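Open the model in your viewer and keep the selection panel at hand. The tour goes stop by stop.

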Number of protein chains: 2
Amino acid sequence: MTEKLGAPLAQPIFERIAIIGVGLIGSSIARAARRVNAAHIIAIADTSPEAREHATALKLGDSVSASPREAAAGADLVVLCAPVGANAELAKAIAPALKKGAVVSDVGSVKGAVIEAIAPHLPAGVHLVPAHPVAGTEQSGPDAGFATLFLNRWCILTPPENADAGAVARLRAFWEALGCNVEVMSASHHDLVLAITSHVPHLIAYNIVGTAYDLEEALRSEVIKFSAGGFRDSTRLAASDPTMWRDVFLNNKDAVLEALGRFSEDLTALQRMIRRGDGEGLFNLFSRTRAIRRGIVEAGQETAAPDFGRPHGEDDKGGA
Amino acid sequence: MTEKLGAPLAQPIFERIAIIGVGLIGSSIARAARRVNAAHIIAIADTSPEAREHATALKLGDSVSASPREAAAGADLVVLCAPVGANAELAKAIAPALKKGAVVSDVGSVKGAVIEAIAPHLPAGVHLVPAHPVAGTEQSGPDAGFATLFLNRWCILTPPENADAGAVARLRAFWEALGCNVEVMSASHHDLVLAITSHVPHLIAYNIVGTAYDLEEALRSEVIKFSAGGFRDSTRLAASDPTMWRDVFLNNKDAVLEALGRFSEDLTALQRMIRRGDGEGLFNLFSRTRAIRRGIVEAGQETAAPDFGRPHGEDDKGGA
């Protein structure tokens, strides 16, 4: 796995970019784009005064504005980095300021609904190329971002069928400069795959932690105490941004319900094995699943260190 | 959080200990006990020739034997560290060799069934004090162990009602020397709490990964590729030792089915929120669950670093 971003580009890919929403993802794009010189000028907008204050203090952009429209004016690339539920409003707000030939993109975890929300508002001559960098941490806000967040991660582009090939190529080059591998697929396929690899795992994690939260007080404090038995792993995903995830589930309902249906059927079968004492069935399942993690480590999408590389005191076997 | 084991004890707590089964947990006990001088002589037994070979090469004990009975002979503490399904056979095997006054313990993730399996085989004058160090990684075998595995973790003792107070006190001192906080509770309460904090989270993780495994080939390879969206977190628990976990579910059936029932009810409610587009309900749940992770970090049971401290290249914000 590469551990460093490439050397700064001799020529920026976009002269001016606008980042609308400067949370974990937006601020990481700003940092990475600056580091590798993927953009010459970086304009930032955020509706939260606190986020703007931090973005200014962190020098994340050449300008920090409260107005998405102001930031988008004259930009060659506008990246919407707000929760997906905000995209329709943002697209409407920036539309009048968009330069002819500009690329409008996003970073949302849902693509079908996002295209429906954005596309109708864009003027002719502006290129919509939705994107989804499959990367993140459970933390939120401008301070949580870092330039190498996208390193060795995949970024999925879901251009509409009639998309401008040059616009797609420039956006691909931009994400590659930020450290990503880029893949192109349809929005509907993206939404199905991500329902399985991201949305349902988050939903299940929220549910495991929610069930524990609803326990009587005494039991809940024991759950916290003995969480190293496995429970604590779920709490990471379940500490993710609530607004972002509410919007994901509202906007990818069909694929999530379909994936959740598969999960629930399988869980019922597993429950039945336990009730009947089917040791062989359990053993077979538990052996198969090991192979998947090996595949993920080999694909460079997970650390090979035990326990995710969590610190374990002086004898630490984890880390990089 | 303490990051180091204490200085070696002037006097070992047990003159001679036997570790029966030298996997992740057994080998970590051997390393930690040696480091802090919690035992003078460490006898190891394992039925696997490969495990014995590694244990010998790693110098984990003063003797390494194929016979549990041989290792247990004359020991002041015998710790059964095999999958819980093996305990009845092991207890039967070591019984004739046990010294009067010896403490017999284990490390199993299930306590009620373990007591039932072991107790009937022990001769009078031998003290059964079951234990469960709530610690581990997804890796298995003698090489996976390390001396600080138990540092800042909880070890739960579930002595029977008539247990010898001196035996309980010595075992408590032993685990404290290995870095644990020790708590005493009933076996049935342990099995309920661990069903929630460990067994069901593992079951759910196995199920998430199992569902993905059963996808058609093309989709499965995409799941691996885009696993950084959240899926990969589940794969850690689902890479745990299959024999150990089969035995856990076979031996803690009632508590697991009870906890799983709560989980499934809550998941159905969540599914209904998604189907009905109940954004407020989703947001409220997703906000509550954040608090639990904060509690776990504050309790010293989880790293505060984002993404579990996974390596993120040169700008790493993770680690210790």
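Start where two chains meet, in what is a predicted model. Select Tyr206(A), Val209(A), Gly210(A), Ala212(A) and Tyr213(A) in H7(A); they meet Leu285(B), Phe286(B), Arg288(B), Thr289(B) and Ile292(B) in H12(B). Colour this contact by class: 7 residues are nonpolar, 2 polar and 1 charged.

Now show both helices in full. H7 of chain A covers residues 187-213, and H12 of chain B covers residues 279-298. Their axes come within 9 Å and cross at roughly 75°. H7(A) is therefore roughly perpendicular to H12(B), as angles of 65 to 115 degrees count as such.

Next, the sheet in chain B. Select its 6 strands: they form an open sheet, ordered S3-S2-S1-S4-S5-S6, with parallel pairing. Which strands stand at the edges? They are S3 (63-65) and S6 (127-128) of chain B; each has a single partner strand, so one side of each lacks a neighbour in the sheet.

Zoom in on S4 (residues 77-80) and S5 (residues 103-106) of chain B, a parallel pair with 4 bridges. Here Leu77(B) sits opposite Val103(B) of S5(B).

Add helix H1 (residues 24-36) of chain B. H1 packs on the sheet and touches S1 (14-20), S2 (39-45) and S4 of chain B. The direction of H1 makes about 160° with that of S2(B).

Last stop: chain A by domain. Select 14-185 for domain 1 and 190-301 for domain 2, following the domain assignment. Their C-alpha centres lie 30 Å apart. Domain 1 of chain A gives 15 residues to the contact, and domain 2 of chain A gives 17. On the domain 1 side, 6 residues are nonpolar, 7 polar and 2 charged.

Methods: Residues numbered from 1 in each chain as written. Chains lettered and ligands numbered in written order. Predicted model: local features only at pLDDT ≥ 70, side-chain atom pairs only at ≥ 80, totals over all residues. Domains from an automatic or database assignment. Contact = placed C-beta atoms within 7 Å. Nonpolar A, V, L, I, M, F, W, Y, C, P; charged D, E, K, R; others polar. Pairing = 2+ DSSP bridges. Helix = DSSP H or I, 4+ residues; strand = E, 2+ residues; numbered from the N terminus. Axes fitted to C-alpha atoms, helices over the stretch in contact; angles between N-to-C directions. Parallel < 35°, antiparallel > 145°, perpendicular 65-115°, else oblique.
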